[in-house]
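Below are some notes on the model you sent round. Please read them beside the coordinates.

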Amino acid sequence: MKNVSRRLHSIRLLTAWDYGYYGATNPGYAPAVQGSPAMFAPPASDFQGPSAPPASMFDSVPGYEGTVAGGGGGFLPPPIPSVPAPQPQPGPGQSNWDIPSISESTAREALAKYVSSKCCWSSGPVKDGVITNMETFNTYRYRLETFTEQRVTEWSQQPYLGQPVDAYTQPPPGPWNIPAKTPTFFQNETQIIKVPNTSSVKNCHTCLGMGRNPCKECVGVGNKICWVCKGAGDRASGDRCHHCQGRGRENCNHCHGQGSKECQTCKGKQQLLVFINLKVIWTNNLEDYVVEQSSGLHMANLSNVSGKEMFRDSQYMVYPVMGFPNPDLVHAAERLVREHQAKFSQTSRILQQRQSIELIPITKVSYKWKGASHVYFVFGNEYMVNADSYPATCCCTVM
């Protein structure tokens, strides 16, 4: 009976704070009666505060009616462009659209560098292989870049520390009228701007304005069952448990026996400053089209190499290239320009477009080694190599 009495005495009674919080968040809750042991709290998950602020927490701000918390909604259509539609521009001038084949020594050096980067590959074909033919395939790559600006809004919050409150002092500026520092064209960047005249103070929705939340480890009780005696108060030998001094419970080390912890949303300040943030997103939307040749090299290999730039055009909105000798590239340019301008003008503001044409050299090298014929490719200004059929590879086995 003594152990039972000690354990009942060690369970703290719920305070007025407990009743205020639990009563507000758990209908039907009743506090413990003075003189009787406190009831065990329900599972911790029942006492978690709201995961998101309620919609009623945010005011209706003219021009920002679609704004919600967490980035959802707040879509802002771009203003009507004030710049006139682009006019046809002259196509690329007459150029030498062919690049001479690389030399045999350059082709052999490129293969040697490639083989040296491979574990266990033999350099025999590089040293002893005899080049029998070198065929050049000049491949054109058309690239279109559309640099856009998109604006979205969201309600944000931070602990209230006495910051200025300016809601309703005067109408806030329109989302597309707020100045933002545009980065260098064709470079991705994001900027967050607090919208003026939207800041107000609200009670914290997580702790209901109390500054503290129930501890999840002890579910607000302040103590937990002793892990040594499992709540019995004594050991199997009948001796009193020295860890909990026979109480059967021990103070929660997460909340230091208080049963609650500082609210992480308001940092214990009980109130929040709520305001609208404007997120300005600059994006370089890039798309390539490669005119395939019959070299046998997969075009995916060209994504990481550069070529000789034959043409470049940059303006607010470009006009598809005209007069280029390859009709496939001309048709691709027309399609991409049309698609970009239709797609991005609906969701963003187009700031600049840039189109270019590169000539990427591809050399197909045929050689013989030990009486058999083999092939590899050297491509791009970087002299990258593709040698899928290299004849002197081996595998390393780890014992």
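The points below take up two residues and one pocket.

1. This is a predicted model, in which local features need pLDDT of at least 70 and side-chain atom pairs count only at pLDDT 80 or more, while totals for chains, interfaces and linings use all residues. Residues are numbered from 1 along each chain as its sequence is written, and side-chain values use heavy atoms, with hydrogens and water left out.

2. Ser356 lies in strand β10, residues 349-369 (strands are DSSP runs of E, at least two residues, and helices runs of H or I, at least four, both numbered from the N terminus). Ser356 counts as buried because its relative accessibility is 6% (buried is under 20% relative accessible area, exposed over 50%, partly exposed in between; 1.4 Å probe, protein chains only). Leaving aside residues up to four places away in sequence, Ser356 touches Arg141, Tyr142, Arg143, Glu309, Phe311 and Arg312 (contact means heavy atoms within 4.5 Å).

3. Gly66 sits in the loop between α2 (16-25) and α3 (104-116). With 46% relative accessibility, Gly66 counts as partly exposed. Its C-alpha atom is 9.0 Å from that of Glu154, and the two residues are 88 residues apart along the chain.

4. Which class of residue lines the second largest pocket, and in what numbers? The lining has nine nonpolar, three polar and one charged residues. Strand β10 gives the most to this lining, with three residues.

Notes
Nonpolar A, V, L, I, M, F, W, Y, C, P; charged D, E, K, R; others polar.
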